[in-house]
Amino acid sequence: MTPRPTEDRWRAIAPGRVNLIGEHTDYNGLPVLPIAIDRDVRIEFTVVDDGAVRLDSPVPRFAPLEFQLKRPIEAADQGDWSNYVRAAARGLSEHGVELRRGIEGTVTGDVPIASGLSSSSALVVASALALLKANGVAVAGVSELEGHPAAPAGPGLSRLELAAVMARAERFVGLQGGGMDQAACLHGVAGHALRIDFDPLGVTPVAVPEGWRWVVASSLVRAEKAAGARDAYNVRARQCREALALGAGGAPTYRDLIAANDDLDGLLQHARRALTPVLFRRFRHVVTEGHRVALAEDAIRDGDMERFGDLMVGSHSSLRDDYEVSTAELDEIVAIALEAGAAGARLTGAGFGGCAVALCGRSTVAPVMEALAARFYAPRLGGPPTRDMMFAAQPSGGARVEGG
Ligand code: GLA
């Protein structure tokens, strides 16, 4: 059957995210504190009646993709970008959303890929929003078209529900991720960090004080979620579960454990005796990082960003030494940024490559970027970094659908 595109063209826009603090805590049920950033994945699409998804991309390595929405939606080969779109479709249909109509269009964007900035979750969320729009399912607060006469009345989902469904759906691609990326993408608020809680999922925006910037710097090492980093990530998720089972004296979750133990040192001493050295280090990272997130939220609310910066430095050391997900390049970026005057710096995202983020007062943004350009990028590139490699990120609004 020949597809019959409707006249309307829509844009589903979904931002990437930078996690400020709270790394590898989400899948352990502890809060995180990311921002949605002013870089996004965009799907410009029309609605088609033949139940197909056809998307292309100007990026040559992303070959045009096509699949049918009829269940079951099979995975393509591992590493194939269509899996992120398939994951969105499969997640929606498993959630009971009937997907009769398809989409046809083009994916563009400026979230650096495989850099720990959640380009993949942005693609999953943008795909879901496009499919929901095509099938007349409203998402509370997401479509700028609510109230638009052409917006069909009908069933709907809340943003939180969609974030939870997409977090589950993305696991279809292989990484046993928490739920931070999809929630940050859907709940971004300009000028705000987002405290995200899990089980149940909840999002609380926290205003970032005026005059502070987040400089993002790529380590130039790709962190492919669908490839090598996936296994190392999934191993750590398993180790955390084992450490909890063996070292927590019966507490069923990390949150219960922390709630029941005011004395962090006592808890760690007990765990050190109960766990192997590796499991103890994983356990110590999770427990102390959970504590740092709570302190960081207090610091940001108090406007004490120097303190926030110190907590970022503590987070990085813990990720490097206890969680063992940093790299020499990420450590070097953190060191250069701190020497150049950043209030704090740490790796962001899963690690194993990807990016670091540095917290800079207004007057330290330029010196930090100059130092990174001269000492990290120039020796490696023989010239300055591109705007994908280093940029100042703005806390930005969440995913949405525009056009029509
Ligand atoms: C990846 C996952 C997230 C989170 C981070 C580490 O980005 O998708 O859910 O676990 O790693 O904090």
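## A walk through the model, starting at a loop

Start by selecting P200, which sits in the loop between β8 (192–197) and β9 (202–207). Keep in mind as you click around that this is a predicted model. Now look one residue back along the chain: the peptide bond running from D199 to P200 is cis, and its omega is near 5 degrees. That is worth a pause, because most peptide bonds are trans.

**Next: two backbone oddities**

Select S118. You'll find S118 in the loop between β5 (102–109) and α2. Its phi is near 65 degrees, a positive value in a residue other than glycine. Most residues other than glycine have a negative phi. Is S118 buried or exposed? S118 counts as buried, because its relative accessibility is 5% and the cut-off for buried is under 20%.

Then jump to F352, in the loop between β11 (344–348) and β12 (355–361). Here phi is near 60 degrees, again a positive value in a residue that is not glycine. F352 also counts as buried, at 18% relative accessibility.

**Next: the ligand**

Select the ligand and show what surrounds it. Which residues come nearest? Of the 13 residues around the ligand, those are E23, H24, D26, D181 and Y233. If you colour the shell by class, you should get five nonpolar, three polar and five charged residues.

Now put some distances on screen:

- H24: a backbone N or O atom is 2.7 Å from an oxygen atom of the ligand.
- G178: here too a backbone N or O atom faces a ligand oxygen atom, at 3.0 Å.
- D181: this time the side chain supplies the N or O atom, 2.6 Å from an oxygen atom of the ligand.

Try a surface view after that. The ligand taken alone exposes 300 Å², and the protein buries 97% of that.

**Next: hunting for disulfides**

Select C185. How many disulfides does the structure hold? Zero. For C185, the reason is distance: the closest cysteine sulfur belongs to C355 and is 17 Å away, too far for a bond, since a disulfide needs the two sulfur atoms within 2.5 Å. C355 is in no disulfide either; the nearest cysteine sulfur to its own is that of C360, 14 Å away. Both cysteines are tucked inside: C185 counts as buried at 1% relative accessibility, and C355 is buried with a relative accessible area of 1%.

While C185 is still selected, add A122. A122 lies in helix α2 (residues 119–134). Along the sequence A122 and C185 are 63 residues apart, yet C-alpha to C-alpha they are 6.5 Å apart in space. A122 is buried, with a relative accessible area of 0%.

**Next: an aromatic pair**

The model has five aromatic pairs in total. One to zoom in on is W214 with F308, an edge-to-face pair with 5.6 Å centre to centre and 65 degrees between the planes. Which parts of the chain does this pair tie together? W214 comes from strand β10 (residues 212–218) and F308 from helix α9 (residues 305–321), so the contact links parts that are 94 residues apart in sequence. Rotate the view and check the surroundings: W214 and F308 are both buried.

**Next: along helix α9**

Stay with helix α9 and select H316, which lies in it. What does the side chain of H316 contact? It makes a polar contact with the side chain of D331, at 2.8 Å. H316 is buried, with a relative accessible area of 3%.

**Last stop: helix α10**

Finish with V334, found in helix α10 (residues 328–339). V334 counts as buried, at 6% relative accessibility. Add L372 to the selection and draw a line between the C-alpha atoms: V334 and L372 are 9.5 Å apart in space and 38 residues apart in sequence.

Definitions and conventions. Residues numbered from 1 in each chain as written. Predicted model: local features only at pLDDT ≥ 70, side-chain atom pairs only at ≥ 80, totals over all residues. Heavy atoms only, no water. Buried < 20%, exposed > 50% of the residue type's maximum accessible area, 1.4 Å probe, protein only. Near = heavy atom within 4 Å. Polar contact = N/O pair within 3.5 Å; in protein donor to acceptor, adjacent residues only side chain to side chain. Areas by Shrake-Rupley, 256 points an atom, 1.4 Å probe, with all protein chains shown as cover. Nonpolar A, V, L, I, M, F, W, Y, C, P; charged D, E, K, R; others polar. Phe/Tyr/Trp six-rings, centres within 6.5 Å; stacked < 30°, edge-to-face > 60°. Helix = DSSP H or I, 4+ residues; strand = E, 2+ residues; numbered from the N terminus.
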